[in-house]
Amino acid sequence: DMGFLGHRRLGAGLLDGKHILDIGCGRRKLPGAVGLDRYPLPGVDVVADLNGGLPFPEQTFDAVSANQVLEHVRDLVGLVYEVHRVLKPRGIFVAHVPYFRSKWAHIDPTHVRCFTINTMDYFVAGTYCHEHYRFRDCAFRRLEVVLDNDYRPRFLRTLFASLALRFPGRFENSFLSSLYVFEQLTYVLEK
């Protein structure tokens, strides 16, 4: 535990040595990953629509990355369960999305949804949303949420991130989430 004012950040080597599927990779595929996108851009290995099934067998990948992709997908529920299906046991799903208060969540006309700290709880065992409102019985085992991972941990960011992660409902429904606006969320889910 990093204490009350600890600024959570992703480990630098989180994806090292893993067989990775980079969904929605565009022109910036992760090194060594299998790149999937709906357009045949340079670096894309597999062309597929993310609103349908993923064209891979069960338990193919150690990790799946989705960098600024989930906010564009109409069938988020279907895609998350497809990611779960293609991940090996203990595989990880890393998804970077714009935070619902950020202007970036709303400025792009191709975004179909916004994300809060608890949005992915529907897919994680042991959370209130999964226990009461789940879509299917399969679930990820664990969820970690990181706020503004790409930004330096300054005092105010650290203070507000600690408050937001400790009390997400209170923080997001109060003036505090408008007073200090995060740009992005990162979800790390473990199968």
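A pocket here is an open set of points on a 1 Å grid, with protein on both sides within 12 Å along at least five of seven lines. The model shown in every view is predicted.

**View 1. The second largest pocket holds about 400 Å³ of space.** Its lining comprises 16 residues. Closest to the centre of this pocket are Asp37, Arg38, Tyr39, Val69 and His72. By class, the lining of the second largest pocket divides into six nonpolar, six polar and four charged residues.

**View 2. The largest pocket has a volume of about 480 Å³.** A set of 22 residues lines this pocket. Arg28, Leu30, Ser65, Asn67 and His96 are the closest of them to its centre. Strands S1, S4 and S5 each contribute at least two residues to the lining of the largest pocket. Nine residues of that lining are nonpolar, eight are polar and five are charged.

**View 3. Seven strands make up an open sheet.** The strand order is S3-S2-S1-S4-S5-S7-S6. Pairing in the sheet is mixed. Strand S3 (46-47) and strand S6 (142-147) are the edge strands. Each of these two pairs on one side only.

**View 4. Strands S5 and S7 run antiparallel.** S5 covers residues 87-98, and S7 covers residues 184-190. Seven bridges join the two strands. Phenylalanine 93 stands opposite leucine 189, a residue of S7.

**View 5. Helix H1 lies across three strands.** H1 spans residues 76-86. The strands beneath this title are S1 (20-23), S4 (61-67) and S5. Against S5, helix H1 runs at about 145°. S1, S4 and S5 also appear in View 2, where each supplies at least two residues of the lining of the largest pocket.

**View 6. Phenylalanine 160 and tyrosine 180 form a stacked pair.** The count of aromatic pairs comes to 13. A pair of aromatic rings is described by the distance of the centres and the angle of the planes. For phenylalanine 160 and tyrosine 180, the ring centres are 5.2 Å apart and the planes lie at 5°, so the pair is stacked; planes under 30 degrees apart count as stacked. The pair links distant parts of the chain, 20 residues apart. Phenylalanine 160 belongs to helix H4 (residues 155-166). Tyrosine 180 sits in the loop between helix H6 (176-179) and S7.

Methods. Residues numbered from 1 in each chain as written. Predicted model: local features only at pLDDT ≥ 70, side-chain atom pairs only at ≥ 80, totals over all residues. Heavy atoms only, no water. Pairing = 2+ DSSP bridges. Helix = DSSP H or I, 4+ residues; strand = E, 2+ residues; numbered from the N terminus. Contact = heavy atoms within 4.5 Å. Axes fitted to C-alpha atoms, helices over the stretch in contact; angles between N-to-C directions. 1 Å grid on protein atoms, 1.4 Å probe; cavity = no way out; pocket = protein on both sides within 12 Å on 5 of 7 lines; lining within 4 Å. Points joined across faces, edges and corners; volume = space filled by probe spheres on them. Nonpolar A, V, L, I, M, F, W, Y, C, P; charged D, E, K, R; others polar. Phe/Tyr/Trp six-rings, centres within 6.5 Å; stacked < 30°, edge-to-face > 60°.
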